[in-house]
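User: I'd like to learn how to read a model like this one. Could you walk me through it feature by feature?

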Amino acid sequence: MSDIEIAQAATMKPINDIGASLGIDVEHLEAYGKYKAKVNLKYLTALPERKDSKLILVTAISPTPAGEGKTTTTVGLGDALRYIGKSAMIALREPSLGPVFGMKGGAAGGGYAQVVPMEDINLHFTGDFNAIALANNLLAALIDNHIHHGNELAIDIRRVTWKRVMDMNDRALREIIQSIGGVGNGYPRSDGFDIVVASEIMAIFCLATSIEDLKEKIGKIVVGYKRDKTPVLASELNAQGAMTVILKDAFQPNLVQTLENTPAFIHGGPFANIAHGCNSVVATTSAMKLADYVVTEAGFGADLGAEKFIDIKCRKSGLR
């Protein structure tokens, strides 16, 4: 059987039951259908620490071009720990639609070591990536709007570094000229699109420890440079509040399950070649409050994702 046939034949438990297996009451779950839910962030924040909880990182010495192995191993190890009676769950990144529709394909594991509902996870899931794209593109719009309406900050349009994003591979949009078509459309300049997982918003989203921390980090984003070559921050455009509001629901971790009904947080998804390649700090730290063993992964090989996991994610979040 193919991966998708195995996933579609799975007997999933209602997400309320998966939450109950972790001690989460239904009132703290915001369901997206029968088999997906977001877990209330205030509830997770209030949970006591488990001092003996173990965090297990799955990495690779020589990952293949298609990236097979780490997610499948992570899911399999989490299932195995549950099978022998351990309190365990897994924490993974959300797939990007670019690779899903490209050479790599989906990122929900393989064979009998998958997270489900697989099609939902690989496609729009709970809308987190859309929220991140909207927050990113709101900032882009605010930059051009500020320039159009007088440019009080003296932003040098030749040195705007903030790009727009979309969650799809489209080489035609990598480098563009924007704002053409007349005076009302702003000042023409060079621009371009990145993929959502390459956005600095995605990296910040996955390193922030709270909504307040998220807002503060967004305010420190450098979006370009002024004519005197000093940096322009998102906070100078007063963008951080509106951007954080867009992200407030997305910032809550997503709860799903494996084929063996092991609980799984899938949240955030920065690439390891342009960011730190790990799921959100909020998901990982929350999982460690809910289970004795948390199995996670980091992108690409040990010399990239694993090093960034240790040097960036652990240092920034205090994970040990």
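Analyst: Here is a short tour, from cysteines to strands, helices and a few backbone details. Keep in mind that this is a predicted model.

User: Let's start with cysteines. How many disulfides does a search of the whole structure find?

Analyst: The general idea: a disulfide is a covalent bond between the sulfur atoms of two cysteines. Here the search comes up with zero.

User: Why is Cys 206 not bonded to Cys 278?

Analyst: Distance. The sulfur of Cys 278 is the closest cysteine sulfur to that of Cys 206, but at 8.5 Å it is too far for a bond. Cys 278 is in no disulfide either, with its nearest cysteine sulfur, that of Cys 314, 7.8 Å away. As for accessibility, Cys 206 is buried at 0%, and Cys 278 is buried at 0% too.

User: Next, sheets. In what order do the strands of the open sheet with strand 7 come?

Analyst: In general, strands of a sheet pair through backbone hydrogen bonds, either parallel or antiparallel. In this case three strands line up as 7-12-13, with antiparallel pairing. Strand 7 (155–160) and strand 13 (231–233) are the edges, each pairing on one side only. From one strand to the next the twist averages 50°. If you want a spot to click on, strand 7 is joined to strand 12 (residues 222–226) by two bridges, and Ile 155 sits opposite Lys 226 of strand 12.

User: What lies across strand 7 and strand 12?

Analyst: That's helix 7 (residues 128–148), which runs at about 135° to strand 7. Helix 7 also packs against helix 8: their axes come within 9 Å and cross at roughly 120°. The pair is therefore oblique, and the crossing is right-handed.

User: Which residues meet where helix 7 and helix 8 touch?

Analyst: From helix 7 you have Phe 129, Ile 132, Ala 135 and Asn 136, and from helix 8 Ile 201, Met 202 and Phe 205. Ile 201 is a good one to follow up. Its helix, helix 8, spans residues 200–207, and Ile 201 is buried with a relative accessible area of 1%. Leaving out residues up to four places away in sequence, Ile 201 touches Ile 132, Ala 135, Asn 136, Trp 162, Ile 218, Ile 221, Met 243 and Leu 247. Take Asn 136: it is 65 residues from Ile 201 in sequence, yet the C-alpha atoms are 6.4 Å apart.

User: Is helix 11 largely enclosed or largely open?

Analyst: To judge that, count residues under 20% relative accessible area, the cut-off for buried. Nine of the 10 residues of helix 11 (residues 281–290) are buried, so helix 11 is largely enclosed by the rest of the structure. Among the buried ones are Val 281, Thr 284, Ser 286, Met 288 and Lys 289.

User: And which way do the side chains of strand 6 point?

Analyst: The rule first: in a regular strand the side chains alternate between the two faces of the sheet. In strand 6, Ala 113 and Val 115 point one way while Gln 114 and Val 116 point the other way, and all are buried. Strand 6 has antiparallel pairings with strand 5 (residues 109–110) over two bridges and with strand 14 (residues 254–258), also over two bridges. Gly 110 is opposite Ala 113, and Val 116 is opposite Gln 257 in strand 14.

User: What phi does Gly 111 take in the hairpin of strand 5 and strand 6?

Analyst: A positive one, near 60°, in a hairpin with two residues between the strands. Positive phi also turns up in residues other than glycine: Phe 125 is near 50°, and Lys 229 is near 70°. Phe 125 is in the loop between helix 6 and helix 7 and is buried, at 9% relative accessibility. Lys 229 is in the loop between strand 12 and strand 13 and is exposed, at 56%.

User: Last one: where is the peptide bond from Val 116 to Pro 117, and is it cis or trans?

Analyst: Look at omega: here it is near 5°, and the bond is cis. Pro 117 lies in the loop between strand 6 (113–116) and helix 6 (118–122).

Conventions
Residues are numbered from 1 along each chain as its sequence is written. This is a predicted model: local features need pLDDT of at least 70, side-chain atom pairs count only at pLDDT 80 or more; totals for chains, interfaces and linings use all residues. Side-chain values use heavy atoms; hydrogens and water are left out. A disulfide is a pair of cysteine sulfur atoms within 2.5 Å. Buried means under 20% relative accessible area, exposed over 50%, partly exposed in between (1.4 Å probe, protein chains only). Helices (H or I, at least four residues) and strands (E, at least two) are DSSP runs, numbered from the N terminus. Contact means heavy atoms within 4.5 Å. Two strands pair if DSSP finds at least two bridges between them. Axes are lines fitted to C-alpha atoms, for helices over the stretch in contact, and angles run from 0 to 180 degrees between N-to-C directions. Angles under 35 degrees count as roughly parallel, over 145 as roughly antiparallel, 65 to 115 as roughly perpendicular and the rest as oblique. A crossing is left-handed if the near helix is turned anticlockwise from the far one by less than a right angle, and right-handed if clockwise.
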